[in-house]
Amino acid sequence: MKKVLVAVMAALVLCCAAHAVEVTVITKAMDSEWWKTVRAGAEKFASEQSDMTLNVLAPDREINVQQQIQIIEDQITNEVDSMVLALCGIQEMIPTVEKIAAAKIPFVIFDGDIEFQTPLKKAYVGSENYDDGVLAGKFVLEQLPDGGEVGLITGIMGHGPHIGRVAGFMDQVKQNPKIKVAFQQPANSERSVGMTVMENMLTTFPGLKFVFATNDEMALGAAQAAQAEGHPVGIIGFDGTTEACAAIRDGILVGTVDANAFGLGYECAKAGYQAAKGLDQPALVTVSYKFLTKANVDQ
């Protein structure tokens, strides 16, 4: 009887081991608090599973499209069980996504969807970037009943998430014809570039009232430039990072859209796990978000 029991237990162990899955999450970068928090959320989910190996990989910078392509191709070669992708580009990444599908590897997209349909694309995880932008635009609309000049500092040109945030913002502020969008300039989602853009724009548009930067890194760089110039412009970010929240408390930023990076990472890893296991899941997984100001940043 004991021999039979041992044999059954051994078979169960082998069965469980056979069903262990390897999931690779590939982000756009790992050079900011936002992406590190996404990674932490993914690692949290993985730590709760006994049959999951998690890899989290990223290019050095969000503009390094070719580096991300190489990372993805390496994971195809490694025959991982699923991939979870925040793509550095849209159209330029389609051929690489086609390679994933050709390898019959199920995948999940997050932080900006793509127009590519295949049964192997199991889910999109994220907030609606347009709706997130609406929150920032609505705040500015409320703050400027008499109008004024505002500006936009955006991520890499052509990136879907930033396009959506800008569109939502614009649809709100255009409701007041007295609000003029003085400029829209890319800063590659990087703090140093955001600072440089802001320095130039303050010289060109000294009457600026508000600036919406479509991530916190650019917002913090813009705020640094505004402080150096002694210019009282209201700067709004996007991400809800710890540093941005501290800047709101200190009056350096006036707001940020908290896009719940930890929750996004957790749900991404969960979706990747379900994809690898062949489990049913919704095609759209929405992550909660909210607009933070000094009034609610500690709530």
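**Exercise 1: the cysteines.** Work out why the sulfur of C88 forms no bond with the closest cysteine sulfur.

*Solution.* Step 1: start with the rule, by which a disulfide is a pair of cysteine sulfur atoms within 2.5 Å. Step 2: check the distance. The closest cysteine sulfur to that of C88 sits in C268, 15 Å away, so it is too far for a bond. Step 3: widen the search. Over the whole structure, 0 disulfides turn up. Step 4: look at the surroundings. C88 is buried at 1% relative accessibility, and C245 is buried as well, at 10%. Here buried means under 20% relative accessible area, exposed means over 50%, and partly exposed is in between (1.4 Å probe, protein chains only).

A word on what you're looking at: this is a predicted model, where local features need pLDDT of at least 70 and side-chain atom pairs count only at pLDDT 80 or more, while totals for chains, interfaces and linings use all residues. Residues are numbered from 1 along each chain as its sequence is written, and side-chain values use heavy atoms, with hydrogens and water left out.

**Exercise 2: the whole chain.** Find how many helices and strands the protein chain has, and what share of its residues is buried.

*Solution.* Step 1: count the elements. The protein chain has 10 helices and 12 strands; these are DSSP runs numbered from the N terminus (helices: H or I, at least four residues; strands: E, at least two). Step 2: take the dimensions. The C-alpha trace spans about 85 × 40 × 30 Å along its principal axes. Step 3: check burial. Of the 299 residues, 53% count as buried. Step 4: turn to contacts, meaning heavy atoms within 4.5 Å. Among contacts with a separation of 6 or more, 72% come from residues 24 or more positions apart.

**Exercise 3: a sheet of 6 strands.** Put the strands of the open sheet in order and say which ones form the edges.

*Solution.* Step 1: walk across the sheet. The order is β7-β6-β8-β9-β10-β12, and the pairing is mixed. Two strands pair if DSSP finds at least two bridges between them. Step 2: pick out the edges. β7 (179–186) and β12 (290–292) each pair on one side only. Step 3: add the twist, which averages 20 degrees from one strand to the next. Step 4: zoom in on β6. Strand β6 (residues 148–154) runs parallel to β8 (residues 208–213), with 5 bridges between them; L152 has F212 in β8 as its bridge partner. β6 also pairs with β7 in the parallel sense, over 7 bridges, and there V150 partners V181. Step 5: check how enclosed β6 is. Since 6 of its 7 residues are buried, β6 is largely enclosed by the rest of the structure.

**Exercise 4: T256.** Decide whether T256 is buried or exposed, and find which backbone nitrogens lie 3.3 Å from a polar atom of its side chain.

*Solution.* Step 1: place the residue. T256 is found in strand β10. Step 2: read its accessibility. T256 is buried, with a relative accessible area of 0%. Step 3: find the nitrogens. The backbone nitrogen of F238 lies 3.3 Å from a polar atom of the T256 side chain, and the backbone nitrogen of G240 also lies 3.3 Å from a polar atom of that side chain. Step 4: list some neighbours. Leaving aside residues up to four places away in sequence, T256 touches several residues, including D216, I248 and F291.

**Exercise 5: salt bridges.** Find what R165 pairs with and which parts of the chain that pair ties together.

*Solution.* Step 1: set the rule. A salt bridge is a side-chain nitrogen of Lys or Arg within 4 Å of a carboxyl oxygen of Asp or Glu, and the count comes to 11. Step 2: find the partner. R165 forms a salt bridge with D111, their closest N and O atoms being 3.6 Å apart. Step 3: locate both ends. R165 lies in helix α6 (residues 160–173) and D111 in the loop between β4 (107–110) and β5 (121–125), so the pair ties together parts that are 54 residues apart in sequence. Step 4: check burial. R165 is buried at 4% relative accessible area, and D111 is buried at 9%. Step 5: look for a network. K28, D111 and R165 are linked in one. Step 6: try another pair. E243 and R191 meet in a salt bridge (2.8 Å, N to O); E243 is partly exposed at 38% relative accessibility, and R191 is partly exposed at 25%.

Conventions:
Axes are lines fitted to C-alpha atoms, for helices over the stretch in contact, and angles run from 0 to 180 degrees between N-to-C directions. A polar contact is a pair of N or O atoms within 3.5 Å; within protein, one must be able to donate a hydrogen and the other to accept it, and residues adjacent in sequence count only if both atoms are side-chain atoms.
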